[in-house]
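Subject: Structure handover and notes

Dear colleague,

I am passing on the structure we spoke of, together with some notes on what was found in it. Please look through the coordinates alongside the text below.

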Amino acid sequence: MIDGTEKNIEDIEYGDCVLSYNELFDQFEEAYVTITNSYQNIETYNIILENGITLHTSDCHPILTNYGWSAINANKAFINHNIMITKILTPGMLIKQVNNTYVKIIDIINTHDYNTLYDIGINNMSHTYIADKCIVHNVYTPIDFSKSIE
């Protein structure tokens, strides 16, 4: 969250203020949640990081790395997120974090489980948010800037 606290993504609500990353200016900024999404029965992967954090994600969720936007399945990520994926996500790559440092991917495990995964839409053009201190991309959702968040 923008105030430095953390909240599980399934608990984030419309109007919450989250931290977003603006690639153009290489800076973090606040953004307001305009939509929350849940997706049922999604094959789940665990991305094990060097710092002990495990990211739970789908194969097409873009994550910002030292190579740019990367995903386990680059073709699916391009279709679902409408951004160019520069590299397939693999162990050894570095994920950009909120403190402008990088953390190494130790392993990527297909859990062979199908779970509910969550995503949020925000009111800026970056389409990014922070998950467990890592910069991730949301599903592309058209934004109606005529609506304000109160």
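The notes below take up the nonpolar cores, then the helix, and then two loop residues.

Please bear in mind throughout that this is a predicted model.

Beginning with the interior, the largest nonpolar core has 20 residues, and within this core Ile47, Leu49, Ile95 and Ile105 are the residues with the most contacts. At least two residues of this core come from each of strand 2 (27-49), strand 8 (102-122) and strand 10 (134-137). A second core, separate from that one, consists of 10 residues, among them Cys60, Trp69, Ala71 and Ile83. As background, nonpolar side chains in soluble globular proteins tend to be buried together.

To follow one member of the largest core in detail, which residues does Leu49 contact once its neighbours within four places in sequence are left aside? Leu49 is then in contact with Leu55, Ile95, Val103, Lys104, Ile105, Ile106 and Cys134.

Turning to helix 1, the buried residues there are Ala74, Ala77 and His81, and because these residues cover an arc of only 60° around the axis, they lie on the same side of helix 1. The elements that cover these buried residues include strand 5 (68-71), strand 6 (87-88) and strand 10, the last of which also supplies at least two residues of the largest core. On the face of helix 1 that is turned away from its buried side, the exposed residues are Asn75 and Ile79.

Ile79, which is placed in helix 1 (residues 74-81), deserves a separate remark. Its relative accessibility is 68%, and Ile79 therefore counts as exposed, the cut-off being over 50%. Together with Phe78 and Met84, Ile79 forms a nonpolar patch on the surface, and the three residues have about 360 Å² of accessible area together.

Finally, two residues other than glycine have a positive phi, and you may wish to look at each in its loop. Asp26 has phi near 50° and is found in the loop between strand 1 (17-22) and strand 2, where Asp26 is partly exposed, with a relative accessible area of 41%. Lys133 has phi near 70° and is found in the loop between strand 9 (128-131) and strand 10; at 41% relative accessibility, Lys133 likewise counts as partly exposed.

With best regards

Terms used:
Residues are numbered from 1 along each chain as its sequence is written. This is a predicted model: local features need pLDDT of at least 70, side-chain atom pairs count only at pLDDT 80 or more; totals for chains, interfaces and linings use all residues. Side-chain values use heavy atoms; hydrogens and water are left out. Patches are made of residues with over 30% relative accessible area and no salt bridge: like charges are joined within 9 Å, nonpolar side chains (Val, Leu, Ile, Met, Phe, Trp, Tyr) within 5 Å. Accessible areas come from the Shrake-Rupley method with a 1.4 Å probe; for residues, only the protein chains shown count as cover. A salt bridge is a side-chain nitrogen of Lys or Arg within 4 Å of a carboxyl oxygen of Asp or Glu. Helices (H or I, at least four residues) and strands (E, at least two) are DSSP runs, numbered from the N terminus. Buried means under 20% relative accessible area, exposed over 50%, partly exposed in between (1.4 Å probe, protein chains only). A nonpolar core is a set of buried Ala, Val, Leu, Ile, Met, Phe, Trp, Tyr and Cys residues joined through side-chain atoms within 4.5 Å. Contact means heavy atoms within 4.5 Å. The arc is that of the directions from the helix axis to the C-beta atoms.
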